[in-house]
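Here's a quick briefing to go with the structure. Have a look at the model first, then read on for the ligand site and one loop residue.

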Amino acid sequence: MCGIVGYLGHEEAAPVLLEALRRLEYRGYDSAGIAVLNGKGVATVKRAGKIAQLETALNGYAPRGTVGIAHTRWATHGPPNEVNAHPHMSSDGEIALIHNGIIENADVLRRMLESEGYTFRSDTDTEVIVHLIDHVWANGTRLEHAVAAALQEVEGAYGIAVISSRDPEKIVVARNGSPLLLGIGKDGTFMAGSDVAAVVAVTRDVVYLDDGDYAVLDRSGYRTYHLERGSVSRAVHQVTWDLAAIEKSGFEHFMLKEIFEQPESLGDVMRGRLLSEEGSARLGGLKDHEVVLDRVERITITACGTSWHAGLIGEYLLEELARVPVEVEYASEFRYKNPVIPEGTLVLAISQSGETADTLAALREAKQRGAPTMGIVNVVGSSIARTTDFGVYLHAGPEIGVASTKAFTSQIVALVLFTLYMGRRREMSVLQGREIVAALEALPAQVEEILKLNDEIRELAEVYRDVSNFLYLGRGYQFPVALEGALKLKEVSYIHAEGYPAAEMKHGPIALIDENMPVVFLAPRDGVYGKVVSNVEEVKARQGKVIAVVSDEAPELEGKADHVIRIPQTVPCLLPILASIPLQLLAYHVAVLRGCDVDQPRNLAKSVTVE
Ligand code: G6P
């Protein structure tokens with residue numbers, strides 16, 4: 001969703017803000033803007049389009065000053081044009097505000113403000129906040145007091161940053177439901193941002209704000225408050241990764257870099273967690289929650305997008321190996337459907353960003369009903385990580401490409417580790433546990449092998465770059481892989497693709513099959529391999545084009561499939577990880593060949609912090 005950043009220091013603010021915006025661009029990229037206190041007032045520049053447009057506009061004309069805010073937008077209210085771009089200004093141009101989130105009572109507030117004589121320039125919900133701040137601002141008021149008073153009237157989700165020439169040399173930020181953190185630099189330099197990527201070039205010391213918090217950054221330091229409780233203290237955390245982690249390091253796109261990072265990210269999610277002798281996993285985050293976990297009778301997994309697909313694989317894992325019944329719910333459905341959460345249910349939220357609004361809301365619903373909650377999250381200190389009772393971090397490093405790749409495979413490993421943990425405390429034998437642990441240890445090297453297929457998969461992409469539809473089919477553990485393969489292709493190449501359980505094909509999608517329809521079969525050697533081979537026959541009988549992902553030898557498919565992609569063999573429960581990687585590469589290369597913007601696909605955002 002939108003990216004926000006603020007800077008107060010001793011350097012020119014505009015270049016620092018622009019640099020931070022580039023790092024935040026993955027959060028939204030339909031328009032961008034900047035506001036700087038220039039000693040006389042607030043100077044603002046906004047542009048529709050990507051940050052590059054703003055950069056061109058600023059070339060030679062960047063406002064001068066050492067305090068400023070900047071924004072990159074993912075439109076919710078109103079089209080992505082210059083007028084709707086942030087910052088939004090008070091009528092006299094003295095207050096500038098940027099916002100991430102959605103104000104739910106915007107219409108009511110707008111009508112009230114219009115009746116008080118305010119004129120609105122944009123279609124956004126954001127503009128009401130800036131006029132409201134002006135409205136409550138009496139002579140001599142400080143910026144933070146005006147912001148706090150205005151926020152008392154506001155309902156909805158927000159992360160905001162505000163500057164004003166009425167009370168200059170200061171930035172006020174606030175959050176409720178949208179992520180916001182402070183970066184504490186040296187010698188009186190401060191930043192604020194919607195995520196760590198915004199501040200990490202300046203500092204690795206960050207303060208995460210909680211919902212209802214606001215903060216003041218000025219020349220005397222930073223202060224944190226809660227809207228109801230007044231002054232509060234918030235701990236300073238150290239970010240463990242550095243700038244290199246959010247740069248492309250020679251790769252053409254973040255998506256490709258992140259695909260190639262998987263041997264490392266998979267190593268990182270397992271590091272220190274494998275117990276070879278016991279055939280189990282040591283998960284620090286679960287340590288003090290054994291009593292709760294031993295009482296768990298069923299698990300409801302809730303997530304969105306790619307994380308939901310990881311959840312489906314979790315269902316197969318936990319049911320088959322730990323014998324715990326699992327349901328997987330779209331977070332957006334779970335939160336509104338009056339879910340049944342009987343005693344003994346653990347609610348497990350899976351999220352890369354830890355900020356997805358629907359997942360967070362589903363989690364809150366579960367907590368409200370008294371269920372214990374767990375998270376599998378990548379971003380440390382994120383809202384979901386802090387809302388759950390306990391959890392497991394992925395340690396995958398920042399994922400910038402909008403289409404999730406390395407976080408997905410790390411989520412599966414985290415679920416395997418959790419399955420080992422739960423299974424070994426229940427019915428899983430030590431031998432079975434050891435077999436899985438040994439297979440996990442071999443995984444990063446196997447992924448290295450698959451990455452060597454990059455050129456071969458690029459050639460395959462050449463063959464299919466111009467088709468209009470794709471079908472992905474798999475069974476058992478490979479069914480969610482099929483869903484994820486189809487999603488990846490859709491997201492980055494805009495080719496329509498569907499994932500389906502291979503046998504269900506007969507009940508509908510088979511009608512679509514002709515000589516123009518490529519069908520990707522996930523057919524590694526597992527318990528349902530023979531069944532999948534029969535499904536391949538059905539497609540070939542109708543002249544469909546078959547791309548088969550196989551492991552080991554697959555004589556039944558040699559000569560039958562039009563293309564065979566061979567991945568190493570491992571235990572069935574880890575095959576989804578290996579099988580996903582060629583599909584990521586296929587989606588990537590098809591998209592590049594079609595000239596698509598792989599890292600910033602149209603209409604998508606990395607982290608969806610609105611409903
Ligand atoms: C967006 C992203 C997807 C992601 C989904 C869930 O749609 O574009 O890549 O899978 O949100 O995000 P989360 O951060 O909760 O995993």
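One polar contact to start with: Thr 356 has a side-chain N or O atom 2.5 Å from an oxygen atom of the ligand. Keep in mind that this is a predicted model. The ligand itself sits in the second largest pocket, and 13 residues surround it.

**Polar contacts to the ligand**
- Ser 351 also joins in through its side chain, with an N or O atom 2.6 Å from a ligand oxygen.
- Val 402 uses its backbone instead: an N or O atom there lies 3.2 Å from an oxygen atom of the ligand.
- On its own the ligand would expose 390 Å², and the protein buries 90% of that.

**Who makes up the shell**
- The closest residues are Ser 307, Ser 351, Gln 352, Ser 353 and Thr 356.
- Sorted by class, the shell around the ligand holds eight polar, four nonpolar and one charged residues.
- Helix α9, spanning residues 305-321, gives the most to this shell, with three residues.

**A look at Arg 426**
- Where does Arg 426 lie? You'll find Arg 426 in the loop between α13 (406-424) and α14 (430-451).
- Arg 426 counts as partly exposed because its relative accessibility is 30%, which falls between the 20% cut-off for buried and the 50% cut-off for exposed.
- Arg 426 and Arg 323 are 103 residues apart in sequence, yet their C-alpha atoms are 8.0 Å apart in space.

Key:
Residues numbered from 1 in each chain as written. Predicted model: local features only at pLDDT ≥ 70, side-chain atom pairs only at ≥ 80, totals over all residues. Heavy atoms only, no water. Near = heavy atom within 4 Å. Polar contact = N/O pair within 3.5 Å; in protein donor to acceptor, adjacent residues only side chain to side chain. Areas by Shrake-Rupley, 256 points an atom, 1.4 Å probe, with all protein chains shown as cover. 1 Å grid on protein atoms, 1.4 Å probe; cavity = no way out; pocket = protein on both sides within 12 Å on 5 of 7 lines; lining within 4 Å. Sits in = over half its atoms within 2 Å of the grid points. Helix = DSSP H or I, 4+ residues; strand = E, 2+ residues; numbered from the N terminus. Nonpolar A, V, L, I, M, F, W, Y, C, P; charged D, E, K, R; others polar. Buried < 20%, exposed > 50% of the residue type's maximum accessible area, 1.4 Å probe, protein only.
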